[in-house]
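Please work through the exercises below with the sequence and the model open beside you. Each task is followed by a solution that goes step by step.

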Amino acid sequence: MASAPLPLEASPIAFGTDGWRGILGVDITLDRLLPVAAAAAQELAHSAPEGLKSREVVIGYDRRFLAPELAEAICSAVRGCGLEPLLSATATPTPASSWAVVERHALGALVITASHNPPEWLGLKIKGPFGGSVEGDFTRRVETRLEAGGITVPILGDPQRFDALGTYVAGLLTKVDTAALAAGLERLGLRVIVDPMHGSAAGVLPALLGDGARSSGVISEIRANRDPLFGGNPPEPLAPYLQELITAVTASTAAGRPAMGIVFDGDGDRIAAVDERGRFCSTQLLMPLFIDHLARARQLPGCVIKTVSGSDLMQLVAEGLGRQVLEKPVGFKYIAAEMLTGEVLVGGEESGGVGFGMHLPERDAPFAALLLIEALVEGGVPLGERIDALQQRCGGAAAYDRLDLRLPDMAARERLEAKLAAAPPSEVAGSPVLEVITTDGVKLRLGPSHWLMLRFSGTEPLLRLYCEAPSQARVAEVLGWARQLAEGN
């Protein structure tokens, strides 16, 4: 997807579904970032749970251009609030900062990242003392502090650094028997090819599975080097950006060693996969597998949480195993809120974010990758066969795709959003609309495992079109219809 022309003016500072993001040099500048970091740090201290005496704020960053330098700069802003910044020694996946917060009982974390956004973007995520993203009430208080214009003066100094990546890897090794996973892959003749998309999760999964798995070829990586341009595409785990991985997987399978591709987004909190036949598997297909493995094989307790853009297959698998399903708006913070208040087996988004009740209340793609490998070793068959069996058990296969449309500007987005809210379509590509769901955006139910959803990005003038249907041809037809609707606005 081509980058939009640079705007001439910065957008107002506002937090979206997970942090404040914008274009580096326009929206994200040092002059704007320092007061945002200070306000966030002050709010972390002010909102700290009773009894939490720590003054530490973990500072993390990804591999984007200037991310390490800006992370060190915001240490000065945190220090100016009378707090103690603790800076990661290297770029790390965002869940590594969340892990450090919980392990160290820190106030929270500030992470310099733009996650899966295009290469010219950067941003700031805020993690609370529980290790997950802070809620909307918290970020609104941060915005209020900024509007009030409270004065803090950054204090220069050499920040205390720590091995956030090593601490995170060591923590995950206590959660899963990775030696058994490597041995299981070897026994089944399965190979794992990891694509971190040049992002900060590079090296994590090979480190977890160990030197033996690397030397035997059980696990390997592509695109593991730092590239702030991410090869010219957003570091988002979507099929159009994964041709190198798909080619590597299918070549391995054709050579007699079935492979699975695992892909992480730019900051390592989203996951997707490629099965042995080269089929792209988003969390629309991975979530049902997680549900089946954790509920049936591991027999762990808890409900299942899906977002409104999630596949019907998630609900079918969960209900078939006697699990309650909760449907939430898009945004992992809604899933994390349930994890903090109730017993959750697994919660996930269509876009690749998955969290587990026995882990952090946060998306953690490397941990999800370990559980995905565990599910395949337990089932004894490659990913594609396992997913096909699940679909047949629940009424047959369905197809899914998502299309992102860049709108001319935010004004065009607002016009289309108002039109859909006032008069949603009563028919879609020849099928009557049976139900209109407005949990998040507009979801038009057309039948079992057949729906279209239109939702606007919280950070860009983008319209996201989601469709699930009985066949790939029908998905393409419905998405084409939706595209004409949007472009004719």
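**Exercise 1.** Find the residue of strand 4 that stands opposite Val-58, and then describe how strand 4 is paired and covered in this predicted model.

*Solution.* Begin at Val-58, whose opposite residue in strand 4 is Ala-109. This contact point belongs to a parallel pairing, in which strand 2 (residues 56–61) and strand 4 are joined over 5 bridges. Next, turn to strand 5 (residues 121–127), which runs antiparallel to strand 4 and is joined to it by 4 bridges; here Ala-109 stands opposite Lys-127. Now consider how strand 4 (residues 108–112) is covered: 5 of its 5 residues are buried, where buried means under 20% relative accessible area. In a regular strand the side chains alternate between the two faces of the sheet. Sorting the residues of strand 4 by direction, one finds Gly-108, Leu-110 and Ile-112 pointing one way and Ala-109 and Val-111 the other way, with all of them buried.

**Exercise 2.** Determine in what order the strands of the open sheet of 5 strands lie, and why strand 16 and strand 19 each have one side without a neighbour in the sheet.

*Solution.* Reading across the sheet, the order is 16-22-21-20-19, and the pairing is antiparallel. Strand 16 (399–406) and strand 19 (435–437) stand at the edges with a single partner strand each, so one side of each has no neighbour in the sheet. On average, neighbouring strands of this sheet are turned by 15 degrees against each other, direction ignored. For a closer look at one edge, take strand 16 and strand 22 (residues 462–469), which pair in the antiparallel sense over 8 bridges; within this pair, Leu-403 has Leu-465 in strand 22 as its bridge partner. Finally, add the helices: helix 16 (residues 472–487) packs on the sheet and touches strand 16, strand 21 and strand 22, its direction making about 20 degrees with that of strand 16. Helix 15 (residues 410–422) lies across strand 20 (442–447), strand 21 (450–456) and strand 22, and runs at about 140 degrees to strand 21.

**Exercise 3.** Identify which residues of the largest nonpolar core touch the most other members.

*Solution.* The core has 60 residues, and those touching the most other members are Leu-205, Ile-262, Val-346, Ile-373 and Leu-383. Its largest share, 11 residues, comes from helix 13 (residues 365–379). Taking Ile-262 as an example, and leaving aside residues up to four places away in sequence, its contacts include Val-192, Leu-205, Ala-369 and Ile-373. Another core, of 34 residues, lies apart from the largest one and has Ile-28, Ala-77, Leu-110 and Ile-126 among its members.

Note on methods. Residues numbered from 1 in each chain as written. Predicted model: local features only at pLDDT ≥ 70, side-chain atom pairs only at ≥ 80, totals over all residues. Heavy atoms only, no water. Pairing = 2+ DSSP bridges. Helix = DSSP H or I, 4+ residues; strand = E, 2+ residues; numbered from the N terminus. Axes fitted to C-alpha atoms, helices over the stretch in contact; angles between N-to-C directions. Contact = heavy atoms within 4.5 Å. Buried < 20%, exposed > 50% of the residue type's maximum accessible area, 1.4 Å probe, protein only. Core = buried A, V, L, I, M, F, W, Y, C linked by side-chain atoms within 4.5 Å.
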